[in-house]
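Thanks for coming. I have one structure to go through this morning, and I will keep to interior space, rings and one asparagine. Please look at the model as I talk.

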Amino acid sequence: MNNLNEGEAKVVGYVEQKRKELEKYLPELTRRSDFFEFWEETIAEAQEVPLRPERKEIDYPIPSVRVYDISYNGMDETRIHGWLILPAFLSKEKYPCVVHYHGFNGSRGNPVGYMHFVMMGMAVLAVDCRDQGGKTGNSAQYTHGYSSNVACRGVHNKYEYYFRHVYMDCLKAIDFACAQEEIDADRIVIDGGSQGGGLGMAIAALDNRAKLAMVDVPSNSNIVARIEGNHGAFGSVTEFLRHHPELTDQVMDNLSYFDTMNMAERIQCPVLASVALKDETCPPQMYYATYNRIVGEKEIFLYPFNGHEGGGSKQAEVKLAHLRRRFPDWFEV
């Protein structure tokens, strides 16, 4: 029986209304005909570089965890630095592992920032992005000198572009995790926010080893719109094109290879995402250009009055609860 009076419309909540609007956002793909061949070639090139993993345990004030300062070869033998943290208080032979990618101009951070995952009984591998805020440098060569930040470094050549190297560094982080005797290679989870969320989407599309991707306020989606709106790190490309308008078509063509909306159909693992509706750095509709094209299992949380900080600790607890529900056998003692 319909309880609504004649002519009375069903009230749709504020967040649900915004969600429905975002679910309609589907800009035309910018993918070129050789898109997947380009990435197959890139992955093959990266895999030819020996990983040469190293780890050294550090003295950490929490005796029930083990913390290792780690490094490995990225795409071009740039040494990528990170942390490997193990929940040694459980005394298991192997642990599920969260592979964490950080936000723009950040770093692997400090081990204490990952203790919520460790207390769940998960190992954590947190890695630097090259040439940002951590220990990791950059051995890549660039033939164009102009760069106001790394997001526009190499935009004139897709083979030199900064994120080509970073995507592969992040893929090789999974190689590192799977090579550790304490890590269960069948229980890998990707985690990241902002730039790290964009990296998580890219790696989920380019590699099928992760069982779940958890991404918050993700970047690297609908890059043309990011440039047009001068949003976040891609504002550096906007600035570059002010100086070099004659390169506009070439740059847009090159960056299309790194846009996660062009990769989304290849994502096989479930995705747990979040966006913030007042985010001007990574506007939510930009990510929805990717999210709306994910054909597999997915769930997204909207924070209506938050900016680029996203859901913060609330979303962190959402992710912990989601892990517990989805993988209960991972956390059996």
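**Rings, a cavity and one asparagine**

Let me begin with a charge and a ring: Arg-153 lies over the face of Tyr-142, at 5.8 Å from the ring centre. Before I go on, note that this is a predicted model.

There is a second case of this kind. Lys-298 has its charged end over the ring of Tyr-291, and the distance to the ring centre is 4.6 Å.

Next, rings with rings. How many aromatic pairs are there? The count comes to 19. Take Phe-327 and Trp-330: their ring centres are 3.8 Å apart and their planes meet at 10°, so this pair is stacked, given that the cut-off for stacking is under 30 degrees. Are these two residues buried or exposed? Phe-327 has a relative accessible area of 10%, and is therefore buried. Trp-330 is at 5%, so it counts as buried. The cut-off behind both calls is under 20%.

There is also an aromatic cluster to find on the screen. Its members include Phe-35, Phe-36, Phe-38 and Trp-39. Further along the chain, Tyr-159, Tyr-161, Tyr-162, Phe-163 and Tyr-167 belong to that cluster, and Phe-234, Tyr-257 and Phe-258 are in it as well.

Now the interior space. Rolling a probe the size of a water molecule over the atoms shows where empty space is left. Here, the structure holds one cavity of 30 Å³ or more, and the volume of the largest cavity is about 30 Å³.

Which residues line the largest cavity? They are Thr-30, Ile-223, Val-224, Ile-227, Met-252, Leu-255, Ser-256 and Asp-259. By class, that lining has five nonpolar residues, two polar and one charged. Two helices each supply at least two residues of the lining, H6 (223-228) and H8 (248-255). H6 gives the most, with three residues.

Ser-256, one of the lining residues, takes us to the last item. Where is Asn-262 found? Asn-262 is in the loop between H8 and strand S8 (271-276). Its relative accessibility is 0%, so Asn-262 counts as buried. What does the side chain of Asn-262 reach? The partner is the backbone oxygen of Ser-256, at 2.8 Å. So, on the screen, please follow the loop after H8 to Asn-262, then go across to the backbone oxygen of Ser-256.

That is the end of my part.

Technical notes. Residues numbered from 1 in each chain as written. Predicted model: local features only at pLDDT ≥ 70, side-chain atom pairs only at ≥ 80, totals over all residues. Heavy atoms only, no water. 1 Å grid on protein atoms, 1.4 Å probe; cavity = no way out; pocket = protein on both sides within 12 Å on 5 of 7 lines; lining within 4 Å. Points joined across faces, edges and corners; volume = space filled by probe spheres on them. Helix = DSSP H or I, 4+ residues; strand = E, 2+ residues; numbered from the N terminus. Nonpolar A, V, L, I, M, F, W, Y, C, P; charged D, E, K, R; others polar. Phe/Tyr/Trp six-rings, centres within 6.5 Å; stacked < 30°, edge-to-face > 60°. Buried < 20%, exposed > 50% of the residue type's maximum accessible area, 1.4 Å probe, protein only. Lys NZ or Arg CZ within 6 Å of the ring centre and 35° of its normal. Polar contact = N/O pair within 3.5 Å; in protein donor to acceptor, adjacent residues only side chain to side chain.
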